[in-house]
Amino acid sequence: MQRSLEQRMAIKFCVKLAKSAAETIPMLKKAFGVDCLSDRQIFRWHKAFAEGREDVNDENRAGRPSTSSSDDNVKRVRGLLNTDRRLSVRLISETLDITKTIVHEIVSEFLGMRKECAKLVPKVLTDDQKARHTRIPP
């Protein structure tokens, strides 16, 4: 994101110097190398700045905001898992009325857990926990 913002500023600078888009592309490719925007994006931004656009930031996009993985839902999933770690993602989803994909994202990304046998456990185990998992009871 930061890299593309820098490139947009460079494109805006080239527009102010009255450089064409065709002249701007090789300069950007030389300056940014493999991280350079595509030719099409450079043409698009060059045209926007030439038509008077001043802001180099993206405009807000239409669509639904992602509210399902909110802090409230993370707390609800964590609370439910603290009561019983053997719950499946499907069961958590049905209990809390959240989609399975969001529950899976919360469990794996936000809580850092994964399924081991029939129990959700933290991804990073301590040495003591690893020893307990590998030890076979008599």
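## Reading helix contacts and exposure

Me: Where is the place of Phe13?
Reply: Phe13 has its place in helix H1, which covers residues 2–16. Keep in mind as we go that this is a predicted model.

Me: Is Phe13 buried or exposed?
Reply: The general idea is to compare relative accessibility with a cut-off: over 50% is exposed, and under 20% is buried. Phe13 has a relative accessibility of 53%, so this residue counts as exposed.

Me: How do I relate Phe13 to Phe49, and what separates their C-alpha atoms?
Reply: Look at separation along the chain and separation in space side by side. Phe13 and Phe49 are 36 residues apart along the chain, and 9.3 Å lies between their C-alpha atoms.

Me: Let me step back to the whole fold. How many helices and strands are in the protein chain?
Reply: Start by counting elements, then read their order. The protein chain has seven helices and two strands. Along the sequence they run α-α-α-α-α-α-β-β-α, with the two strands just before the final helix.

Me: And which share of the residues counts as buried?
Reply: Of the 138 residues in the protein chain, 31% are classed as buried. For the surface, the accessible area is about 10000 Å², and carbon and sulfur atoms hold 53% of that area.

Me: What can I learn from contacts between residues at least 6 apart in sequence?
Reply: Ask how far along the sequence the partners lie. In the protein chain, 50% of those contacts join residues at least 24 apart.

Me: Now the helix pairs. At what angle do the axes of H2 and H3 cross?
Reply: Check the approach of the axes, then the angle. Helix H2 (residues 21–32) and helix H3 (residues 39–50) have axes that come within 10 Å and cross at roughly 125°. Because of that angle, H2 is oblique to H3. The H2 and H3 crossing is right-handed. On the H2 side, the contact involves Ala21, Ala22, Thr24, Ile25, Leu28 and Lys29, while H3 contributes Asp39, Ile42, Phe43 and His46. Sorted by class, that contact holds six nonpolar, two polar and two charged residues.

Me: How would I read H4 and H6 in that way, and at what angle do they cross?
Reply: Take the same steps. The axes of H4 (residues 71–83) and H6 (residues 100–110) come within 10 Å, crossing at roughly 80°. The two helices are therefore roughly perpendicular to each other.

Me: Which residues of H4 and H6 meet?
Reply: From H4, Asn73, Val74, Val77 and Leu81 meet Ile106, Val107 and Phe110 of H6. By class, this contact has six nonpolar residues, one polar residue and no charged ones.

Notes: Residues are numbered from 1 along each chain as its sequence is written. This is a predicted model: local features need pLDDT of at least 70, side-chain atom pairs count only at pLDDT 80 or more; totals for chains, interfaces and linings use all residues. Side-chain values use heavy atoms; hydrogens and water are left out. Helices (H or I, at least four residues) and strands (E, at least two) are DSSP runs, numbered from the N terminus. Buried means under 20% relative accessible area, exposed over 50%, partly exposed in between (1.4 Å probe, protein chains only). Contact means heavy atoms within 4.5 Å. Accessible areas come from the Shrake-Rupley method with a 1.4 Å probe; for residues, only the protein chains shown count as cover. Axes are lines fitted to C-alpha atoms, for helices over the stretch in contact, and angles run from 0 to 180 degrees between N-to-C directions. Angles under 35 degrees count as roughly parallel, over 145 as roughly antiparallel, 65 to 115 as roughly perpendicular and the rest as oblique. A crossing is left-handed if the near helix is turned anticlockwise from the far one by less than a right angle, and right-handed if clockwise. Ala, Val, Leu, Ile, Met, Phe, Trp, Tyr, Cys and Pro count as nonpolar, Asp, Glu, Lys and Arg as charged, and the others, Gly among them, as polar.
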